[in-house]
Amino acid sequence: MLRFYFNLFLLICVTTACSGGKKDNSSTLSDGFIKVENGQFLLKGEPYYFIGTNFWYGPILGSQGQFGDRDRLTRELDFMKANGITNLRVLIGADGPDGVPSKVMPALQKTPGVYKRELLDGLNFFMNELAERDMYAVLYFTNTWEWSGGYAQYLNWAGHGPVAIPSVDGWDAFSNYVSSYFECDSCVTLLKDHITHIISRTNFYNNRKYSEDPNIMSWQIANEPRPMGAQNKEAYEAWIKDIAAHIKKLDANHLVSTGSEGEAGSEEDFDLYARVHADRNIDYLTIHIWPKNWSWIQPDNIGGTLPQAIQATDEYMNKHIALSKELRKPVILEEFGFPRDNHQYVLSDPTVYRDQYYQHVLERLLQSFWENDVFAGCNFWAWGGFARPAEDHIFWQVGDDYMGDPAQEEQGLNSVFDTDQTIAVIREYARQLHK
């Protein structure tokens, strides 16, 4: 009888993985990932709603050397966490050579498959710091726009000639150049190789595989992927679905998102946007809203045109939220930016109108939270934090602080700094989301 109970004890130990006092952490790991069920994000079985920001340069700060600043990174993360900003949308890294006008530097992938090791280390450090603070990241692989390389750099690598730069060669030259991206099979192969390399890495700060890191909310295909021409719509749709399937094949744990602006980034073809986001490998919808860029406000009369911007924002959101409900997938407003009151780039310019606009968006998020609805989060563009714009020039130069505005934009245009009244607005809505 004693032997029977001893054998039973051994069987229980094996089936519950009690050997060595350790538990089987597979279910724990699974529970730690953000999932989608019935039109809602779930985190550890509970609905997940969030206020976040765009912090594209986080991994650069996490690196060591000329461009890194780990002290600033940890201070920024502590400040964000203290103010309820817990979800960060982040560029994995830029592509191509440094020193190119209007482009972020330093680049992570200098040539195809050749990575700057200190920037990979910066990404590792950044993700480990998020884990220590219970914060989450959406990591995007590439970009439609020139400021991180993206489409244009892949075309250059594939032998399509010198990159056309909007600030140098003009918008038409850039648009015509990148419109051939979807005909470039080797570009797709290079991007897939990059995706495979990143997802298959292990973070040596915490010994986690990237495919097993629950602090990654989502892998995102691109920043604002666009067909770049009506003639490319079919190829664009096929590309999104192909890349999403590739990511899911490598990593079944994480969500996949597109990074799309919505109808505005789909050649104004809402059906195209709907088809792309109905794909089984796309887990949720994304939209971006840019009142200034889309002429919903007038830079010389921001206060007077704010009401029409709010009305247009509601109409745009309502259209995409309705689709979200139809597809039973949540939707995120993952970019929205608004200039300071007098369209200046200095912290002395007030943010009264920006704060009213943010308040309107966050009020909609709070209402969705109370109703368990599909609008589940927003990431404002973008985080400036403790950075300060230079006094004698407006475009980024080596040695300047990184802030939310990338290199091709006026530094301070849309950044939210630590001393802005906007922080108090965000903090109050974050507090109500987490009551």
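The exercises below, each with a worked solution, concern the nonpolar core and the salt bridges of a predicted model.

**Exercise 1. The nonpolar core**

Determine how many residues make up the largest nonpolar core, which of them have the most contacts inside it, and which helix gives the largest share.

Solution. Begin with the extent of the core, which comes to 132 residues. Next, look for the residues with the most contacts inside this core, and the list reads Phe 55, Trp 56, Leu 88, Met 217, Trp 219 and Trp 239. Finally, assign the core residues to secondary structure: helix H12, spanning residues 302-327, supplies the largest share, with 9 residues.

**Exercise 2. The surroundings of Trp 219**

Work out which residues Trp 219 touches, leaving aside those up to four places away in sequence.

Solution. Start from Trp 219, one of the residues with the most contacts inside the largest nonpolar core. Among the residues that Trp 219 touches are Ile 92, Leu 139, Phe 141, Ile 198, Ile 199 and Ile 247. The contacts of Trp 219 also include Tyr 210, Asp 251, His 254 and Ser 257. To complete the list, add Leu 255 and Val 256.

**Exercise 3. A salt bridge inside helix H4**

Describe the salt bridge between Glu 76 and Arg 72, and decide whether the two residues are buried or exposed.

Solution. The model holds 22 salt bridges in total, and in this one the side chains of Glu 76 and Arg 72 meet at 2.8 Å, N to O. Both residues belong to helix H4, which covers residues 70-82, and they stand 4 residues apart, about one turn of the helix. As for accessibility, Glu 76 and Arg 72 are both buried.

**Exercise 4. A network around Arg 133**

Identify the salt bridges of Arg 133 with Asp 78 and Glu 129, and explain which parts of the chain the pair with Asp 78 ties together.

Solution. Take first the salt bridge between Arg 133 and Asp 78, whose closest N and O atoms are 2.8 Å apart. Because Arg 133 lies in helix H5 (residues 117-133) and Asp 78 in helix H4, this pair ties together parts that are 55 residues apart in sequence. Arg 133 is buried, at a relative accessible area of 14%, whereas Asp 78, at 42%, is partly exposed.

Turn next to Glu 129, whose side chain meets that of Arg 133 in a salt bridge of 2.7 Å, N to O. Here both partners lie in helix H5, 4 residues apart, about one turn of the helix. Glu 129 has a relative accessibility of 9% and therefore counts as buried, the cut-off being under 20%. Taken together, Asp 78, Glu 129 and Arg 133 are linked in a network of salt bridges.

Note on methods: Residues numbered from 1 in each chain as written. Predicted model: local features only at pLDDT ≥ 70, side-chain atom pairs only at ≥ 80, totals over all residues. Heavy atoms only, no water. Core = buried A, V, L, I, M, F, W, Y, C linked by side-chain atoms within 4.5 Å. Buried < 20%, exposed > 50% of the residue type's maximum accessible area, 1.4 Å probe, protein only. Helix = DSSP H or I, 4+ residues; strand = E, 2+ residues; numbered from the N terminus. Contact = heavy atoms within 4.5 Å. Salt bridge = Lys/Arg side-chain N within 4 Å of Asp/Glu carboxyl O.
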